[in-house]
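Dear colleague,

Please find below the structure that I promised to pass on to you. My notes on it follow, and I would be glad if you read them with the model open beside you.

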Amino acid sequence: MKPLTCACLVAFACFNVAAQEKSGGNLPTVTISAKANPDPVEKSYRKMIRGMDLFEQERALRVPGAALRFKLLPRRPDTDLQRIEMEVVGSTVDFPVPIAPDQTFTLVRNQKAYDENAQVSPNRRAQSMTWRSEIKTPGLPPGTRRLGDLRMECRVGMEAGLISNRSNIVGRMVKALLDTPAYCDRQVPLYLFFADRPLFSVTLVAGPRREILPIDMLYAAASDDPKLKDELPYCDCEVLVDRTYVLPLGDRSWPDDTRVEFEYMEDE
């Protein structure tokens, strides 16, 4: 199997796909809730709350100074993230989810929505966007992240079921094996992180130890092979390949306080 297929299908396969459609005519104007969409790009409210629970259980040990937010990211060049509307919709309950200008949000806890296995539904089409958790310790220098925060992002993301990949038979088979927080404890789990801008390099720094990540840990293991373009639609990194990286999350020789330093293409 090709590298990009491994990164995008095996590690992250079998997640919900979605779309939202609105129709109109000469009838009186009505509000269409996300629950009525035939194929919404949605996530399980219950699973996302479980991700929040995992964060609360482990934050004191792993990320004592950090907070958890969820983040929306584009999958298509024409995806507009500036005017997204999102709501939690259950059988008898629904309420809006405010989204910050940086496309991050939090969820309020609602027992009825949890019991009804409500869905978190934005008004966007299938394969147009993806989701991640965002956990940042305050006070870090610009262009750096803390490795322990990113380890926790992976654990919360897997528990919350955030990765948005196209469903397929292979994906359904591996999802049951890999879709747990324990997957993040592997030496180099293929969990894709996204930098803020296109990457030139990523360096791990712990005291005097410095190590630049090899090229195959950047850009979703893609290459100049034009055949890989056919595989990109199966990966939620499709338009974010130039800012994609993976990390040795399970390598405990790198402590949680390891700095992850980014050099960006524009800096070069």
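With which strand does β3 pair over four bridges, and is that pairing parallel or antiparallel? The partner is strand β6 (residues 119-122), and the two run in the antiparallel sense. Before I go further, please keep in mind that this is a predicted model, and that confidence varies along the chain: the mean pLDDT is 81, and 74% of the residues reach 70 or more. Over residues 1-39 the pLDDT stays under 50, and the model has 101 contacts beyond four places in sequence for that stretch. The pLDDT is also below 50 over residues 166-174, a stretch with 18 contacts in the model beyond near neighbours in sequence.

To return to β3, which covers residues 86-89, both of its faces are covered, with Met 86 and Val 88 buried on one side and Glu 87 and Val 89 buried on the other. Within the pairing with β6, Met 86 has Pro 122 as its bridge partner. β3 also pairs with strand β4 (residues 94-96), again in the antiparallel sense, here over three bridges, and the connection between β3 and β4 is a hairpin of four residues. In that pairing Val 89 stands opposite Asp 94.

Leading into β6 is a loop that starts from α3 (111-115), and Asn 117 is located in it. Asn 117 has a positive phi of about 50 degrees although it is not a glycine. As a general point, most residues other than glycine have a negative phi. Asn 117 is partly exposed, its relative accessible area being 33%. Tyr 219 is likewise not a glycine and has a positive phi, of about 60 degrees; this residue belongs to the loop between β11 and β12 (244-245). Tyr 219 is buried, with a relative accessible area of 16%.

A second sheet deserves a careful look. It is an open sheet of four strands in the order β8-β13-β10-β11, with antiparallel pairing. Its edge strands are β8 (144-146) and β11, each of which pairs on one side only, and from one strand to the next the twist averages 25 degrees. Within this sheet, β10 (residues 199-206) has seven of its eight residues buried, so the strand is largely enclosed by the rest of the structure. Six bridges connect β10 with β13 (residues 259-264) in an antiparallel arrangement, in which Leu 199 faces Tyr 264 as the residue opposite. With β11 (residues 209-212), β10 forms four bridges, also antiparallel, and here Thr 203 stands opposite Ile 212 while Leu 204 stands opposite Glu 211. The hairpin of β10 and β11 has two residues between the strands, and in it Gly 207 takes a positive phi near 60 degrees.

Helix α4 (residues 147-160) lies across β8 and β13, and runs at about 65 degrees to β8. Of its 14 residues, 13 are buried, so α4 too is largely enclosed by the rest of the structure. The length of α4 is as one would expect: at 1.5 Å a residue the helix should span 20 Å, and its end C-alpha atoms are 20 Å apart, which agrees. After α4 comes Gly 161, with a positive phi near 65 degrees.

What brings several of these elements together is the largest nonpolar core, which has 34 residues; Phe 193, Leu 199, Val 202, Tyr 245, Leu 247 and Val 260 are the members that touch the most others. The elements that give two or more residues to this core are α4, β9 (193-194), β10 and β13. Setting aside neighbours within four places in sequence, Phe 193 is in contact with Leu 150, Glu 153, Cys 154, Arg 243, Thr 244, Tyr 245, Leu 247 and Leu 249. Another core, of 31 residues, lies apart from the largest one, and its members include Leu 54, Ala 66, Phe 70 and Phe 105. More generally, nonpolar side chains tend to be buried together in soluble globular proteins.

With best wishes

Methods. Residues are numbered from 1 along each chain as its sequence is written. This is a predicted model: local features need pLDDT of at least 70, side-chain atom pairs count only at pLDDT 80 or more; totals for chains, interfaces and linings use all residues. Side-chain values use heavy atoms; hydrogens and water are left out. Buried means under 20% relative accessible area, exposed over 50%, partly exposed in between (1.4 Å probe, protein chains only). Two strands pair if DSSP finds at least two bridges between them. Axes are lines fitted to C-alpha atoms, for helices over the stretch in contact, and angles run from 0 to 180 degrees between N-to-C directions. Contact means heavy atoms within 4.5 Å. pLDDT is the predictor's confidence in each residue, from 0 to 100. A nonpolar core is a set of buried Ala, Val, Leu, Ile, Met, Phe, Trp, Tyr and Cys residues joined through side-chain atoms within 4.5 Å. The expected span of a helix is 1.5 Å times one less than its number of residues.
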